[in-house]
Amino acid sequence: MLIGELAAQAGMTKDTIRFYEKLGLVTGRRLPNGYRDFPPETVPWLRYVRTAQTLGFSLAEIARLGEELRDAPDSAALSELFAEKITLIDARMAELAALRADLDARVGTGCPLRADRPAD
């Protein structure tokens, strides 16, 4: 399947597919005329990549875990990856809650960079 058809079926641009190819997320063979030819199973894989991104996985994580994700998408290992991602999200949410509390304490202090300064 040529890159234009792949892009249309996967719902993304040819540039995105070329970028993913540079990252090693997809591979296509070169035809004698220089065009890229991708196997049909690339379409669901690209949709899977998009879903993983939506769930908070970076392209680097997807590239690193690509074989595991591709070969066993319903495995216990995948559930473990999700649990790890949830732990990271929970930690980030706690950090953001602390940051919000700190910012809230600085509102109305006259100097937003000093929480201990009384308002005038």
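**Starting with one side chain**

Is Asp102 buried, partly exposed or exposed? With a relative accessibility of 33%, Asp102 counts as partly exposed; buried means under 20% relative accessible area, exposed over 50%, and partly exposed in between, with a 1.4 Å probe and protein chains only. Asp102 also pairs up with Arg106 in a salt bridge, their closest N and O atoms sitting 3.1 Å apart. (A salt bridge here is a side-chain nitrogen of Lys or Arg within 4 Å of a carboxyl oxygen of Asp or Glu.) Both residues lie in helix 5, four residues apart, or about one turn of the helix.

A quick word on what you're looking at: this is a predicted model, where local features need pLDDT of at least 70, side-chain atom pairs count only at pLDDT 80 or more, and totals for chains, interfaces and linings use all residues. Residues are numbered from 1 along each chain as its sequence is written, and side-chain values use heavy atoms, with hydrogens and water left out.

**The overall layout**

The chain has five helices and two strands, running α-α-β-β-α-α-α along the sequence. Helices (H or I, at least four residues) and strands (E, at least two) are DSSP runs, numbered from the N terminus. Of the 120 residues, 27% count as buried. Among contacts with a separation of 6 or more, 45% involve residues 24 or more positions apart; a contact means heavy atoms within 4.5 Å.

**The core and helix 3**

The largest nonpolar core has 22 residues, and Ile17, Tyr20, Leu46 and Ile62 have the most contacts inside it. Such a core is a set of buried Ala, Val, Leu, Ile, Met, Phe, Trp, Tyr and Cys residues joined through side-chain atoms within 4.5 Å. Helix 1 (3–10), helix 2 (14–23), helix 3 (42–54), helix 4 (59–71) and helix 5 each chip in at least two residues, with the largest share, five residues, coming from helix 3.

Leu46 is a good one to click on: leaving aside residues up to four places away in sequence, Leu46 touches Leu6, Ala10, Met12, Ile17, Tyr20 and Val26. Its helix-3 companions Thr42, Val43, Trp45, Val49 and Ala52 are buried, as is Leu46. After helix 3 comes Gly56, with a positive phi near 100 degrees.

**Helix 5, inside and out**

Helix 5 (residues 76–106) has 31 residues and reaches 45 Å from first C-alpha to last, close to the 45 Å expected; the expected span is 1.5 Å times one less than the number of residues. Leu78, Leu81 and Lys85 are buried in this helix. On the surface, Leu96, Leu99 and Leu103 make a nonpolar patch of about 270 Å². Patches are made of residues with over 30% relative accessible area and no salt bridge, joining like charges within 9 Å and nonpolar side chains (Val, Leu, Ile, Met, Phe, Trp, Tyr) within 5 Å. Accessible areas come from the Shrake-Rupley method with a 1.4 Å probe, and for residues only the protein chains shown count as cover. Leu99 is partly exposed at 45% relative accessible area.

**More salt bridges**

The count comes to six salt bridges. Lys85 forms one with Glu61, with closest N and O atoms 3.1 Å apart. Lys85 lies in helix 5 and Glu61 in helix 4, so this pair ties together parts 24 residues apart in sequence. Both Lys85 and Glu61 are buried.

Arg18 and Asp15 meet in another (2.9 Å, N to O). They're three residues apart in helix 2, about one helical turn. Arg18 is partly exposed at 28% relative accessible area, whereas Asp15 is exposed at 55%.
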